[in-house]
Amino acid sequence: MLRLERHDFMRLVTFMKSSYGINLEQQLQLVETRLDPMVRARGFTGYGPYLDYVIADKTKEESKALVTRLTTNYTYFMREVQHYEYLTKTILPKLRDTLPTKDLRIWSAGCSSGEEAYTTAMVLDDFFGVAKREWDSTVLATDISQPVLQMARDGVYPEERLQKLSPAWRAKYFQRVDPTHYRISPALQKEVVFQPFNLMERFPFRKKFHVIFCRNVMIYFDTPTVNNLLNRFYDSLEVGGHLFVGLSETVNQEVSKLKFAQPSIYVKQ
C-alpha cells in the first residue's frame with residue numbers, strides 16, 4: 001500500500017474541507033485504504049503527485065471522483081424505516097388535508113445511488129393511490145458524485161438492496177433484469193429528478209420544501225459546517241416542514257432553529 005505522508009494528508013484535508021465541507025482530520029486510515037487502489041489505477045506512485053493532479057484539474061472531475069471514493073457507503077431501500085412510517089402516518093395526512101395547491105416538494109439531499117429517493121417515491125405513490133395523478137410530487141434528488149447519480153438514473157440494483165421491501169412493492173415498482181438484479185419501473189423513474197449539486201454552494205431553489213432528507217451526510221462535516229448547513233435547510237423549509245437526518249445524527253437545539261419532533265426528525269415551527 002502507498003504511504004500517505006502527513007503533509008500530503010493535511011493537503012488533502014484542507015482541500016476537501018474548503019471545496020466540499022468534508023472533514024477528514026480523523027480519517028487517515030480510511031483515506032489510505034480507500035484511495036490506494038484509485039491512486040495506483042491512475043498510474044501514480046505516490047500521493048503527492050496525485051494531489052497535484054487533483055488540485056490542478058479545472059474540470060473538477062477528478063475531485064468529484066475522489067469525493068465519491070471517500071464518502072459513498074452501502075445503502076438500501078427502506079433504510080431507517082421509521083422515517084417512512086413517520087412520513088406516511090404524520091406528514092402526508094396533514095399535507096393532504098392542508099395543501100390546496102397539491103404541490104408537494106421533497107428533496108433528497110446527498111441521495112447517493114438513489115435508494116432513498118426511490119423509496120420516498122414509492123411511499124408517495126402508495127399513500128395517495130389513484131389520487132396521486134392530481135399531485136405534483138416529483139422528488140428532487142441531488143448528489144455531488146456523477147457516478148452515483150448515473151447509477152441512480154440507471155435504476156438497476158442488486159437483489160440484496162431490496163430485502164426490506166414487501167413482495168407487493170417489488171412486483172409493483174421493479175422489473176427483474178437477471179437472476180440477481182432488479183430495475184426500477186419506468187413509471188417510478190419519472191417520479192424522481194436527479195441533479196448534481198454540492199451542498200456547500202448557494203441553494204438555488206425558488207420554492208421551499210415540505211420535506212428534506214439529509215441522512216448520513218453530515219457525518220463527514222465539522223461542527224461549523226453542519227450548523228451552517230442546518231440553518232440553510234431551515235431557510236429552505238416551509239413552515240411546518242420537516243428535516244430527516246440519520247439515526248446516528250443529532251441537531252444541536254442550542255444552535256439550530258429547527259425543533260425536535262422525534263429522534264432524527266426535526267420540524268420548522
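These are my notes on two pockets and one helix in a predicted model.

**Largest pocket.** I started with the volume and got about 540 Å³ for the largest pocket. Next I pulled the lining, which comes to 29 residues. Which of them lie nearest the centre? I found Gly110, Ser112, Asp143, Asn216 and Val217 there. I then sorted the lining by class and counted 14 nonpolar, 10 polar and five charged residues. Looking at which elements contribute, I saw that α4 (61–71), α6 (115–128) and β2 (139–143) each give at least two residues to this lining.

**Second largest pocket.** Here I read off a volume of about 280 Å³. I listed the lining as Asp103, Leu104, Arg105, Ile106, Asp136, Thr138, Leu140, Phe205, Arg206, Lys207 and Phe209. How many of these are charged? I get five, alongside five nonpolar and one polar.

**Helix α6.** Since α6 had come up in the lining of the largest pocket, I went back to look at the helix itself. I checked its span: 14 residues reach 20 Å from the first C-alpha to the last, close to the 20 Å expected at 1.5 Å a residue. Then I looked at burial, taking under 20% relative accessible area as buried. With 12 of its 14 residues buried, α6 is largely enclosed by the rest of the structure. My buried list includes Glu115 and Glu116 at the start of the range, and also Tyr118, Met122, Phe127 and Phe128. What follows the helix? I found glycine 129 there, with a positive phi near 60°.

Conventions
Residues are numbered from 1 along each chain as its sequence is written. This is a predicted model: local features need pLDDT of at least 70, side-chain atom pairs count only at pLDDT 80 or more; totals for chains, interfaces and linings use all residues. Side-chain values use heavy atoms; hydrogens and water are left out. On a 1 Å grid over the protein atoms alone, a cavity is a set of points where a 1.4 Å probe fits but cannot get out, and a pocket is an open set with protein on both sides within 12 Å along at least five of seven lines; lining residues have an atom within 4 Å of a point. Grid points are joined across faces, edges and corners, and a volume is the space filled by probe spheres set on the points. Helices (H or I, at least four residues) and strands (E, at least two) are DSSP runs, numbered from the N terminus. Ala, Val, Leu, Ile, Met, Phe, Trp, Tyr, Cys and Pro count as nonpolar, Asp, Glu, Lys and Arg as charged, and the others, Gly among them, as polar. The expected span of a helix is 1.5 Å times one less than its number of residues. Buried means under 20% relative accessible area, exposed over 50%, partly exposed in between (1.4 Å probe, protein chains only).
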